[in-house]
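Biologist: Please take a close look at one part of this model for me, and tell me how it sits in the rest. I'd like the working definitions as you go.

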Amino acid sequence: MSMQSQEPQPSTRSPHRAGEGPPAQANSFGGNAANVPVSKMGVENLCAWFGDTEVLKDITLPVAERRSTAVIGPSGCGKSTFIRCLNRMHEVVRGARVAGRVFLDGQDIYAEGINPVRLRQRVGMVFQKPNPFPTMSIRENVLAGLRLQKVRIRYEDEVVEQALGQAALWEEVKDVLDRSGGNLSGGQQQRLCIARALALEPEVLLMDEPCSALDPIATSKIEDLIAELSDRYTIVIVTHNMQQASRVADYTAFLYLGRLIEYGTTEAIFQNPSCKETEDYITGRFG
Amino acid sequence: MSRPHATNVVGSDQPGEHRGLPARSNTPRGNAGTLTPERAFQAICLLALLLPLLLLLVLIGQALAGGWDRLTWGFLTSYPSRFPEQAGILPALAGSACLMLLTAALAIPIGAGAAIYLEEYARPGRLTWFIEVNISNLAGVPSILYGLLGLELFVRALQMGRSLLAGAATLALLLLPMVIMVSREALRTVPQSTREACYALGADRWQTIRRVVLPMSLPGILTGIILSLARAIGETAPLITIGALTYVAFVPDSLHSPFTALPIQIFNWISRPQAGFHVNAAAGILVLLAIMLVFNSVAIGLRARFRRRLA
């Protein structure tokens, strides 16, 4: 269960720049040399606990900039915990603990003096269940993040239209912006949550099983959206749906029982997995 | 073998028909006349519902029969009198109104504040647990004990005298455990996922409480407070204990003025021998019931609006 050879080795010199590391690291994203993406985030020896239960064990993983990375694995493997460690949401839960390092543009987000509140403005998140603010209108939901940060919004209408447009929701709600966000359908609510996250123009967008509460049509809309957004944003998506991972992700990490079993390009993971567990899982033998 | 058979059962001849759900009249035990355990249970539950309703109807009917004729504008705007036909409830009505306003002003900030602290800030531990258990216990303490506490603490130790302020403080004390409990319930209805949505947008705890948690739980908190106030307006024992007057020929004009309240006035009239005063008492009960009905309707209306918005 140790790291595979194509995994980046933990490097104290530059854990976050794929192009500058040793050869093993230059290969870490598996693309051709001309098109090797830059690492936006780097996870090093990450361990996480709930009380005394260790749910993540020594995870080391790069996250490519302006690409989408899928985290797959059976239920309870620590996927959600992993993604919640990337914007320090894990520690919001009582009794939760984290060790190890997570770099964002080379800066350890668990270092002393890092304000998790500021961090979350750069690393947005979409949750499993759509959770728009029920007391706010659609418009206010989109603007909520900016309002919370007391950003002076000069062109509110433009911000709202742009965020909803990026979330492929604008056409459906442009005439009912002042209605409550709670009246939308589940799929629309989830896209509203994506718009709410995008309005802050985050550098990284974390998505924790964003389609698990949605029907197939809403799911395919959101998948199209993710594929489109990954040109502009760094996306990490947790999913238990392997087809979804293969459809939307450039890179895939397979977690099992709290450990990273394998990481590579989605193509490599699904067509040529090097670990037996990965192969068993993606061929549906367990999970 | 079993598979094609199963599909055959599900696949009905009539495609439009609801499958798998037998119509209600077809249930074998649903035939009228047979006493099933469920039917017996249903009957007992219905009885349990009807009994208190019946008692309430009798009470209202009796009060209506006794006091309806006495319920005039003059009755509401007159001072008490030795002559039952001339007596009115103005001081009691004004006293009750002032008492409710003051009680609300005291109990809402303290109760809601305590609830917010316990729910949002306090770390779960032995001390928090101890406090929680005791708040639940306090909600069950007989109101006359609050009256005795109010008498010692507010009337004597704090030298408020037998004043409106002492009465309101005592009632606020009585309401606090209830207000804290309903407010905590309301805060707990805000799902963790909504709080996390707010944190994930880069909000700190204070912003999350102020912008998301409080707006979502406010209608619930208000509903609970109104229901508590509806209970407080009928409280008699603690007010008698701290020495509210039974004969007041003036409307309270300051926090320190002596006062009376509707239930005390009713209690006073009902304990007199003359039949005329009993009629007054019945009319007073009608006024009290009407006020409580208004309070409860407002609370129910608020709750319904709240539910619709969150649906």
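Modeller: Here is one helix of chain B in close-up, followed by its surroundings in both chains.

A word on bookkeeping before we start: residues are numbered from 1 along each chain as its sequence is written, while chains are lettered from A and ligands numbered from 1 in the order in which they are written. This is a predicted model, in which local features need pLDDT of at least 70 and side-chain atom pairs count only at pLDDT 80 or more, though totals for chains, interfaces and linings use all residues.

The part I'd pick is α8(B), and the reason to look there is the meeting of the two chains. There, 18 residues of chain B are in contact with 23 residues of chain A; contact requires that two C-beta atoms, placed from the backbone, lie within 7 Å. On the chain B side, α8 (192-200), α9 (205-232) and α12 (275-310) each supply at least two residues. Helices here are DSSP runs of H or I with at least four residues, strands are runs of E with at least two, and both are numbered from the N terminus. The biggest share of that side comes from α8(B), with 6 residues. By type, the chain B side splits into 10 nonpolar, 4 polar and 4 charged residues. In that count Ala, Val, Leu, Ile, Met, Phe, Trp, Tyr, Cys and Pro are nonpolar, Asp, Glu, Lys and Arg are charged, and the others, Gly among them, are polar.

Now for the helix itself. B:Arg195, B:Ala197, B:Cys198, B:Tyr199 and B:Ala200 are buried in α8(B). Buried means 20 or more other C-beta atoms within 10 Å of the residue's own, exposed means 12 or fewer, and partly exposed is in between, again with C-beta atoms placed from the backbone. The buried residues of α8(B) pack against α3 (116-122) and β6 (123-126) of chain A, together with α9 of chain B. Just after the helix, B:Gly202 takes a positive phi of about 85°.

Zooming out to the rest of chain B, you'll find 12 helices and 0 strands. Of its 311 residues, 35% count as buried. Among its contacts with a separation of 6 or more, 74% come from residues 24 or more positions apart. Elsewhere in the chain, B:Ala43 lies in helix α2 (residues 37-67); B:Ala43 is exposed, since 11 other C-beta atoms fall within 10 Å.

Follow the packing across to chain A, and β6 turns up again around another helix. β6 is among the elements covering the buried residues of α7(A), which also include α4 (138-148), α5 (156-166), α6 (170-173), β7 (204-208) and α8 (216-229) of chain A. With 12 of its 13 residues buried, α7(A) is largely enclosed by the rest of the structure. The buried ones include A:Cys193, A:Arg196 and A:Leu198. The length of α7(A) (residues 186-198) checks out too, because 13 residues at 1.5 Å a residue should span 18 Å and the end C-alpha atoms are 18 Å apart. The expected span is 1.5 Å times one less than the number of residues.

Chain A also has an open sheet of 4 strands, in the order β2-β1-β4-β5, with antiparallel pairing; strands pair if DSSP finds at least two bridges between them. Its edges are β2 (53-64) and β5 (107-108), each pairing on one side only. Strand β1 (residues 39-50) is joined to β2(A) by 8 bridges, and A:Leu46 has A:Ile59 as its partner there. A:Trp49 stands opposite A:Glu54 in β2(A). In the hairpin of these two strands, A:Gly51 takes a positive phi near 60°. Another 8 bridges join β1(A) to strand β4 (residues 96-104), where A:Glu44 is partnered by A:Arg101.

Last, how far to trust it. The model scores ipTM 0.81 and pTM 0.75. Chain B averages a pLDDT of 82, with 88% of residues at 70 or above; pLDDT is the predictor's confidence in each residue, from 0 to 100. Over residues 1-23 of chain B the pLDDT is below 50, and this stretch has 4 contacts beyond near neighbours in sequence. Where pLDDT is low, the predicted coordinates should not be read in detail.
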